[in-house]
Amino acid sequence: MAWTDFSFYIMLTFFIFILGYFGYRQGEIFRFEPLNIAREAHESRAKEELHDHKAEIPVINEADAQKLSALMKEEQPFLESSLTINDLSRMMDMPPHQLSRVINRHFGMNFFEYVNQYRIEYFKQLAADPKYQHYSLLGLGLECGFNSKSSFNRVFKEHTGLTPGAVRKQIEAELVSQ
């Protein structure tokens, strides 16, 4: 029992020593500057970092937005239910943060809203196509890139204000009247 207590205290002493040693090597911890000098130094570093960050932001032009729209219409990556902003940014050959900025500024929506907008429009096309009349609503939703019934219904209702079934009935009524 005595040996166990002795080894515990030796280990504890060693741990405290190591902790103190590495803590002392952290120069920032033990540097005592008057508060106003430290604050001024911090503010000047923050301004420099902000200036450097602004210089790194690439200019977003209309060509990026047009290229993205063309990609979405021609290659239809939105049909892949597991599409991520990283996947789309690789297709566009630009960093994900820049692609996000293009979508936010040019289209006024986030990545998921942008992709779901294309999925909903594609659903409307398929619902009007006679080849897809035998598909269920869920089948059409899965064809359009949605990965579940609940996300399909929720997103559809948020974007159109209608359920997928109501939109399909409207489309079928328009086709009959023509």
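This is a short tour of a predicted model, from the whole chain down to single residues.

**The whole chain**

Start with a cartoon view. The chain has 10 helices and 0 strands. Read from the N terminus, the elements run α-α-α-α-α-α-α-α-α-α. Now switch on the surface. The chain exposes about 12,800 Å², and carbon and sulfur atoms supply 58% of that area. Buried residues make up 26% of the 178 residues. For contacts with a separation of 6 or more, 58% link residues 24 or more positions apart.

**The largest nonpolar core**

Hide the surface and select Leu 68, Met 72, Leu 88, Leu 99, Ile 103, Tyr 114 and Phe 123. These residues touch the most other members of the largest nonpolar core, which has 29 residues. Next, colour the helices that give two or more residues to this core: H4 (62–74), H5 (85–92), H6 (96–107), H7 (111–128), H9 (149–160) and H10 (164–177). Which of them gives the largest share? Helix H7 does, with 9 residues.

**Phe 123**

Stay in the core and centre on Phe 123, one of the residues that touch the most other members. Leave aside the neighbours within four places in sequence. Phe 123 is then in contact with Leu 137, Leu 140, Gly 141 and Cys 144, among others. Add Phe 152, Phe 156, Pro 164 and Val 167 to the selection to complete the list.

**The largest pocket**

Move to the largest pocket. About 200 Å³ of space lies in this pocket. To find the pocket, select Ser 81, Phe 112, Asn 116, Arg 119 and Asn 147, the lining residues that lie nearest its centre. The full lining has 13 residues. Colour them by class: 6 are nonpolar, 5 polar and 2 charged. H7 and H9 each supply at least two residues of the lining. The largest share, 5 residues, comes from H7. So H7 is a helix to keep on screen for both stops: H7 gives the largest share of the core and the largest share of the pocket lining.**Asp 129**

Last stop: select Asp 129, in the loop between H7 and helix H8 (137–143). Is Asp 129 buried, partly exposed or exposed? Asp 129 counts as partly exposed, because its relative accessibility is 23%. The cut-off for buried is under 20%, and for exposed over 50%. Finally, add Leu 175 and draw a distance between the two C-alpha atoms. Asp 129 and Leu 175 are 46 residues apart in sequence and 9.8 Å apart in space.

Methods: Residues numbered from 1 in each chain as written. Predicted model: local features only at pLDDT ≥ 70, side-chain atom pairs only at ≥ 80, totals over all residues. Heavy atoms only, no water. Core = buried A, V, L, I, M, F, W, Y, C linked by side-chain atoms within 4.5 Å. Buried < 20%, exposed > 50% of the residue type's maximum accessible area, 1.4 Å probe, protein only. Helix = DSSP H or I, 4+ residues; strand = E, 2+ residues; numbered from the N terminus. Contact = heavy atoms within 4.5 Å. 1 Å grid on protein atoms, 1.4 Å probe; cavity = no way out; pocket = protein on both sides within 12 Å on 5 of 7 lines; lining within 4 Å. Points joined across faces, edges and corners; volume = space filled by probe spheres on them. Nonpolar A, V, L, I, M, F, W, Y, C, P; charged D, E, K, R; others polar. Areas by Shrake-Rupley, 256 points an atom, 1.4 Å probe, with all protein chains shown as cover.
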